[in-house]
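Let's take a walk through this model together, from its hydrophobic interior out to its surface. Have the sequence and the coordinates open as you read.

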Amino acid sequence: MEYSFYKLIHILGVALFLGNIITGLFWMHRAIGTKNISVISHTMKGIIDADTYFTIPCVIVIVAAGFMTAIIGQYPMLTTGWILWPIILFSISGATFTAKVGPLQKKIHALAADAETKGTLDWDQFHSMVRAWNLWGAVAVVTPLTAAVMMVLKVPQ
């Protein structure tokens, strides 16, 4: 029962984590499509807040419940490929978010918030930042998605 409980908590954490980061991308692209500076600023602030209230706590839940599941299930984490490689991929995602995505989100929000008060946005600078955010965001999203697939399919053995 203990194993199943931790596995359930781990899976729920993964679902909430992936759902939050994917919907953040969706809403930002919708906001950019409006070309409305206020909408863009508000959306990026919402994404930053969602990372604070959902993404980061989910990382803690995923890691803690994942390790507990592996320990209780007696899976050797460093020699079980479908556990080790997802840990590596999840770590890459976290490092990418910390080094690139998070700081870019703050810069994009600051640029948009400043433009909101000035009434004009440097669209070239904005689009340059968004392109970088999309690139690094893709790394931060694809790696945990791949990790989830590997864990579910237990690949590699």
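A nonpolar core, as the term is used here, is a set of buried Ala, Val, Leu, Ile, Met, Phe, Trp, Tyr and Cys residues joined through side-chain atoms within 4.5 Å. Please keep in mind that this is a predicted model.

**Overall layout**

The protein has four helices and zero strands, and along the sequence these give the pattern α-α-α-α. Its C-alpha atoms fill a box of roughly 60 × 25 × 20 Å along the principal axes. Of the 157 residues, 36% count as buried. Looking at contacts between residues at least 6 apart in sequence, you will find that 78% of them join residues at least 24 apart.

**The nonpolar cores**

Which residues have the most contacts inside the largest nonpolar core? That core has 20 residues, and the ones with the most contacts inside it are M28, I40, M44, I108, L121, F126 and W133. Two or more residues come from each of α1 (2–34), α2 (37–72), α3 (81–118) and α4 (123–153). The helix that gives the most is α3, with six residues.

M28 is a good place to centre your view. Leaving aside residues up to four places away in sequence, M28 touches I40, T43, M44, I47, I108, F126 and W133. There is also a second, separate core of seven residues, and F17, L18, I21 and F90 are among them.

**Three residues to compare**

Here are three positions, each in a helix, with their relative accessible areas.

| Residue | Helix | Relative accessible area |
|---|---|---|
| G24 | α1 | 11% (buried) |
| S41 | α2 | 5% (buried) |
| F67 | α2 | 34% (partly exposed) |

Why does G24 count as buried? Its relative accessible area is 11%, and the cut-off for buried is under 20%. G24 touches I47 and W133, not counting residues up to four places away in sequence. The C-alpha atoms of G24 and A50 are separated by 8.2 Å, although the two residues lie 26 residues apart along the chain.

S41 counts as buried because its relative accessible area is 5%, again under the 20% cut-off. With residues up to four places away in sequence left out, S41 touches H109, A112, A113 and E116.

F67 has a relative accessible area of 34%, so it is partly exposed: that value lies between the 20% and 50% cut-offs.

**The last helix**

How many residues does α4 have, and what distance does it reach from its first C-alpha to its last? It has 31 residues and reaches 43 Å, close to the 45 Å expected at 1.5 Å a residue. The buried residues of α4 are F126, M129, V130, W133, G137, A140, V141, T143, P144, A147 and M150. What covers these buried residues includes α1, α2 and α3.

**On the surface**

Moving outward, the protein exposes about 9000 Å², with carbon and sulfur atoms supplying 70% of that area. Where might you look for a nonpolar patch? One is formed on the surface by V63, F67, M68, I71 and I87, which together have about 360 Å² of accessible area. The helix that gives the most to the patch is α2, with four residues.

Technical notes
Residues are numbered from 1 along each chain as its sequence is written. This is a predicted model: local features need pLDDT of at least 70, side-chain atom pairs count only at pLDDT 80 or more; totals for chains, interfaces and linings use all residues. Side-chain values use heavy atoms; hydrogens and water are left out. Buried means under 20% relative accessible area, exposed over 50%, partly exposed in between (1.4 Å probe, protein chains only). Contact means heavy atoms within 4.5 Å. Patches are made of residues with over 30% relative accessible area and no salt bridge: like charges are joined within 9 Å, nonpolar side chains (Val, Leu, Ile, Met, Phe, Trp, Tyr) within 5 Å. Accessible areas come from the Shrake-Rupley method with a 1.4 Å probe; for residues, only the protein chains shown count as cover. A salt bridge is a side-chain nitrogen of Lys or Arg within 4 Å of a carboxyl oxygen of Asp or Glu. The expected span of a helix is 1.5 Å times one less than its number of residues.
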